[in-house]
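Let's take a walk through this structure, side chain by side chain. Keep the viewer open and turn the model as you read.

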Amino acid sequence: MDITNLLKSEDEQLSKLQQIVRQAIAEEKLIVENLLHQPKEVLTKGQSISDKVASFGGSWKFIISFSIILSVWILFNTLSPRRDEFDPYPFILMNLVLSAIAALQAPIIMMSQNRKEEKDRKRSENDYLINLKAELEVRSLHQKVDLLLEEQIKVLFDSQAAQLEILKNIEIKINASK
């Protein structure tokens, strides 16, 4: 009868441990699912344009094409006859165009960078929350394992007490039969 109680308590402890593990796995799947399938970001037309301008303005394609345009501009205005020139040597019109492009491009790129910075901030907040949740889960699992260990120690002491009682009974029977 004592053996069946011991086996029952062992089975109960194992089922508790299995339940804890199943729950931890289910919670982890939920976190992973939320991270893999984040809601899609809805961009306004202005945000979409600023992203495209920023990605083109910071690319080698832009640098090379703009260098070619400036070279053609300078060569045309220095090598063409006087009557075909539209921007003679100090290239005042070219300076005006470059200044206008820089004045328009800078705030557009800044808008895109600010938006990306906001996305990075949200991503770091998510990372922090995930790390915090993981830490809490580890603490919770430690507490559960400690609880299970305490229960196992209690069962072990009970089984040892039962074994000692059985040994005493055996000793009494042996002494009585002598």
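Helices here are DSSP runs of at least four residues, numbered from the N terminus. With that naming in hand, find S112, which sits in helix α4. One caution before going further: what you are looking at is a predicted model.

Is S112 buried or exposed? With a relative accessibility of just 2%, S112 is buried, because anything under 20% falls in that class. So what does the S112 side chain meet in there? It makes a polar contact with the side chain of D51, at 2.8 Å. If you skip residues up to four places away in sequence, S112 touches S50, D51 and A54.

Now move along to R115, which also belongs to helix α4. You might look for an arginine on the outside, but R115 has 11% relative accessibility and therefore counts as buried. Again leaving aside neighbours within four places in sequence, R115 is in contact with E41, L43, Q47 and D51. D51 therefore turns up twice: it is among the contacts of S112 and among those of R115.

Stay on helix α4 and turn to the charges. Side chains of opposite charge can pair when their charged atoms come close. The model has six salt bridges in total, and R121 is a good place to start. R121 forms a salt bridge with E118, with the closest N and O atoms 2.4 Å apart. It forms another with E125, where the closest N and O atoms are 2.3 Å apart. The spacing along the helix is worth a look: R121 and E118 are three residues apart in helix α4, about one turn, while R121 and E125 are four residues apart in that helix, again about one turn.

How covered are these three side chains? R121 is partly exposed, with a relative accessible area of 37%. E118 counts as partly exposed at 32%, and E125 does too, at 40%. Further along, the side chains of E135 and R139 meet in a salt bridge of 2.8 Å, N to O. E135 and R139 are both in helix α4, four residues apart, which is about one turn of the helix. E135 is partly exposed, with a relative accessible area of 38%. Back at R121, the salt bridges share partners and join E118, R121 and E125 into one network.

Next come the aromatics. A pair of aromatic rings is described by the distance of the centres and the angle of the planes. A search of the whole structure turns up five aromatic pairs. Take F62 and F66: their ring centres are 5.3 Å apart and their planes meet at 20°, so this pair is stacked. F62 and F66 are four residues apart in helix α3 (residues 60-79), which puts about one helical turn between them. F62 is buried at 16% relative accessibility, whereas F66 is partly exposed at 21%.

Compare that geometry with W73 and F86. The ring centres of W73 and F86 are 5.2 Å apart, but the planes are at 70°, so the pair is edge-to-face. This pair links distant parts of the chain, with W73 in helix α3 and F86 in the loop between α3 and α4, 13 residues apart. W73 counts as buried at 17% relative accessibility, and F86 is partly exposed at 45%. Ring pairs also link F56, F62 and F66 into a cluster.

F86 leads on to the surface. Together with F76, L93, L96, V97 and I101, F86 makes a nonpolar surface patch of about 500 Å². Which element gives the patch its largest share? That is helix α4 (residues 92-177), with four residues. One residue of the patch, L96, is in helix α4 and is exposed, with a relative accessible area of 55%.

One last stop is the backbone at F91. Most residues other than glycine have a negative phi. F91 is not a glycine, yet it has a positive phi of about 50°. You'll find F91 in the loop between α3 and α4, and at 9% relative accessibility it counts as buried.

Note on methods
Residues are numbered from 1 along each chain as its sequence is written. This is a predicted model: local features need pLDDT of at least 70, side-chain atom pairs count only at pLDDT 80 or more; totals for chains, interfaces and linings use all residues. Side-chain values use heavy atoms; hydrogens and water are left out. Patches are made of residues with over 30% relative accessible area and no salt bridge: like charges are joined within 9 Å, nonpolar side chains (Val, Leu, Ile, Met, Phe, Trp, Tyr) within 5 Å. Accessible areas come from the Shrake-Rupley method with a 1.4 Å probe; for residues, only the protein chains shown count as cover. A salt bridge is a side-chain nitrogen of Lys or Arg within 4 Å of a carboxyl oxygen of Asp or Glu. Helices (H or I, at least four residues) and strands (E, at least two) are DSSP runs, numbered from the N terminus. Buried means under 20% relative accessible area, exposed over 50%, partly exposed in between (1.4 Å probe, protein chains only). Rings of Phe, Tyr and Trp (its six-membered ring) pair if their centres lie within 6.5 Å; planes under 30 degrees apart count as stacked, over 60 as edge-to-face and the rest as tilted. A polar contact is a pair of N or O atoms within 3.5 Å; within protein, one must be able to donate a hydrogen and the other to accept it, and residues adjacent in sequence count only if both atoms are side-chain atoms. Contact means heavy atoms within 4.5 Å.
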